[in-house]
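The report that follows goes through one protein chain, from its overall make-up to its helix packing and a few individual residues. Please keep the sequence and the coordinates at hand while reading.

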Amino acid sequence: MTLEQEYTLSFYREITEINRTHRVSLVQHTETQQLFVKKVLTYYHPDVLSRLRSHPVPGVPKIHELIQDGDTLIVIEDYIHGETVAQLLERRGTLSEEESISIIRQLCGILRPLHAASPPIVHRDIKPSNLILSQDGTLYLIDFNAAKTSQQSASRDTDLIGTHGYAAPEQYGFAPSGPATDIYAIGVLFNVLLTGVFPHVRTASGIPGLIIKTCTAIDPARRYSSVSRLAAALPNSSRPAASGGGTPEPASWLPPGFRTKTWWKMLLAGGYYALTLLLSAFQEVTNEQGELIHGLDLLCNQITFFLFCIIPVFVLADYRGLCRRLPLQNRPLARWFIRIPAAAIAALIPVIVLIMIESFGLL
């Protein structure tokens, strides 16, 4: 440690120990009176911490000082006032689906720029105790001690680290860690938020359960290809709650069934779209005299039939947030009592338009 670094460090007066075992303490700057967290690390990846210091990420405490002291590294970073998700779970047991989705969506927003970096930064220790919720509901991801850059050329991780239950199989030396490693931990976290237990004990039901199974696939290639894909797969009930951590998730332009890149969904959706298109193309329509119609009149009827079959799918799947402004969309059961009639009404719109066009003799 240089004299300049010693002088810099002297401005941070220790207030109290946060974690004696991990040498984490709360400190206060003697001039600004601002509170910070001081960590003394013996295991760390300096390239990751240096990049986080030079390129701060929303939802990650800003690093102000990195001071090398022999074999240890002293880190001074922002103090986040709030409650860890672990403390929240200890107090409440489990969270509602809406609250859980909000946390997972925000976490995806935090990880997105980290995974998009070159090379990607992988946290490798996502768990409830490393997530803090501030008083306004903003999520923060802390403790980047285990974080490392993802090296595609590596055959496996050379250092085995992570938390049992949340660590992906590749963290035990079977393959190199990558963004899929964090996606695995997100899946476990999602299940713990909803059920209070790990997925191998009991997996959540419904759409969250399907998402969790995809996240926690043993083969990294079978998980979501990115946190953006994962966020797009989440139910939309709590999409507006993703304020603060990370950048907002862009809605996918892909049609329903293709947004999550899940093979069986794409197979079913592709089959339905193809069948609907074929039925529309080969449809035969007769007029009031029983004669087959041709030309523009037939084309309009074919398009109307296609839209009649397709529109309900897009409405029920909340494509591009179509249903977000409908009432009761934050209640998982009640929203379907709103969406189903809305889908039926929307499907009738092209039929009504066609009837009006024909009644005015425009065809």
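Is Q33 buried, partly exposed or exposed? In this predicted model, Q33 has a relative accessible area of 44% and is therefore partly exposed, since the buried class ends at 20% and the exposed class begins over 50%. Q33 is found in the loop between β2 and β3 (35-41), and its phi is positive, at about 65°, although Q33 is not a glycine. R23 can be described in similar terms: it is found in the loop between β1 (12-19) and β2 (24-29), its phi is near 55°, a positive value in a residue other than glycine, and it is partly exposed with a relative accessible area of 44%.

**The chain as a whole**

The secondary structure of the chain comes to 10 helices and 10 strands, and of its 363 residues 46% count as buried. When contacts between residues at least 6 apart in sequence are considered, 60% of them join residues that are at least 24 apart.

**Helix packing**

Three helix pairs are set side by side in the table, with the axis separation and the crossing angle of each.

| Helix pair | Axis separation | Crossing angle |
|---|---|---|
| α4 (residues 97-116) and α5 (residues 179-195) | within 10 Å | roughly 165° |
| α5 and α6 (residues 206-215) | 8 Å | about 150° |
| α8 (residues 263-281) and α9 (residues 295-316) | within 8 Å | roughly 160° |

The axes of α4 and α5 cross at roughly 165°, which makes α4 roughly antiparallel to α5, and the crossing of these two helices is right-handed. On the α4 side the contact includes E97, S100, I101, I103, I104, L107, C108, L111 and H115, and these meet P179, D182, I186, L189, F190, L193 and L194 in α5. By class, the contact of α4 with α5 has 12 nonpolar, 2 polar and 2 charged residues.

The helix α5 also packs against α6, at an angle of about 150°, and here the crossing is left-handed. From α5, the residues I183, Y184, G187, F190, N191 and L194 meet P208, I211, I212 and C215 in α6; by class, this contact has 8 nonpolar, 2 polar and no charged residues. F190 and L194 of α5 are listed in the contact with α4 and also in the contact with α6.

For α8 and α9, whose axes cross at roughly 160°, the angle makes α8 roughly antiparallel to α9, and α8 passes α9 in a right-handed crossing. The contact is made by Y272, Y273, T276, L277, L279, S280 and A281 of α8 together with Q302, F305, F306, C309, I310, V313 and F314 of α9, and these residues divide into 11 nonpolar, 3 polar and no charged.

**Cysteines**

How many disulfides does a search of the whole structure find? The search finds 0 disulfides. For C108, one of the α4 residues that meet α5, the closest cysteine sulfur is that of C215, and the distance of 7.7 Å is too far for a bond because a disulfide needs the two sulfur atoms within 2.5 Å. C108 counts as buried, at 0% relative accessibility, and C215 is among the α6 residues that meet α5.

**Prolines in the loops after α4**

A cis peptide bond, with omega about 0°, joins S118 and P119, and P119 is found in the loop between α4 and β7. P128 is found in the loop between β7 (121-122) and β8 (131-134), where it is buried with a relative accessible area of 8%. Which residues does P128 touch, not counting residues up to four places away in sequence? They are T84, V85, A86, L89, Y166 and L189. Of these, Y166 is 38 residues from P128 in sequence, while their C-alpha atoms are 9.9 Å apart in space, and L189 is also one of the α5 residues in the contact with α4.

**A buried strand residue**

L73 is found in strand β5 (residues 72-78) and counts as buried, at 5% relative accessibility. Not counting residues up to four places away in sequence, L73 touches K39, V40, L41, Y44, L49, L66, I67 and Q68. The C-alpha atoms of L73 and Y43, which lie 30 residues apart along the chain, are separated by 8.5 Å.

Note on methods
Residues numbered from 1 in each chain as written. Predicted model: local features only at pLDDT ≥ 70, side-chain atom pairs only at ≥ 80, totals over all residues. Heavy atoms only, no water. Axes fitted to C-alpha atoms, helices over the stretch in contact; angles between N-to-C directions. Helix = DSSP H or I, 4+ residues; strand = E, 2+ residues; numbered from the N terminus. Parallel < 35°, antiparallel > 145°, perpendicular 65-115°, else oblique. Left-handed = near helix turned anticlockwise from the far one by under 90°. Contact = heavy atoms within 4.5 Å. Nonpolar A, V, L, I, M, F, W, Y, C, P; charged D, E, K, R; others polar. Buried < 20%, exposed > 50% of the residue type's maximum accessible area, 1.4 Å probe, protein only.
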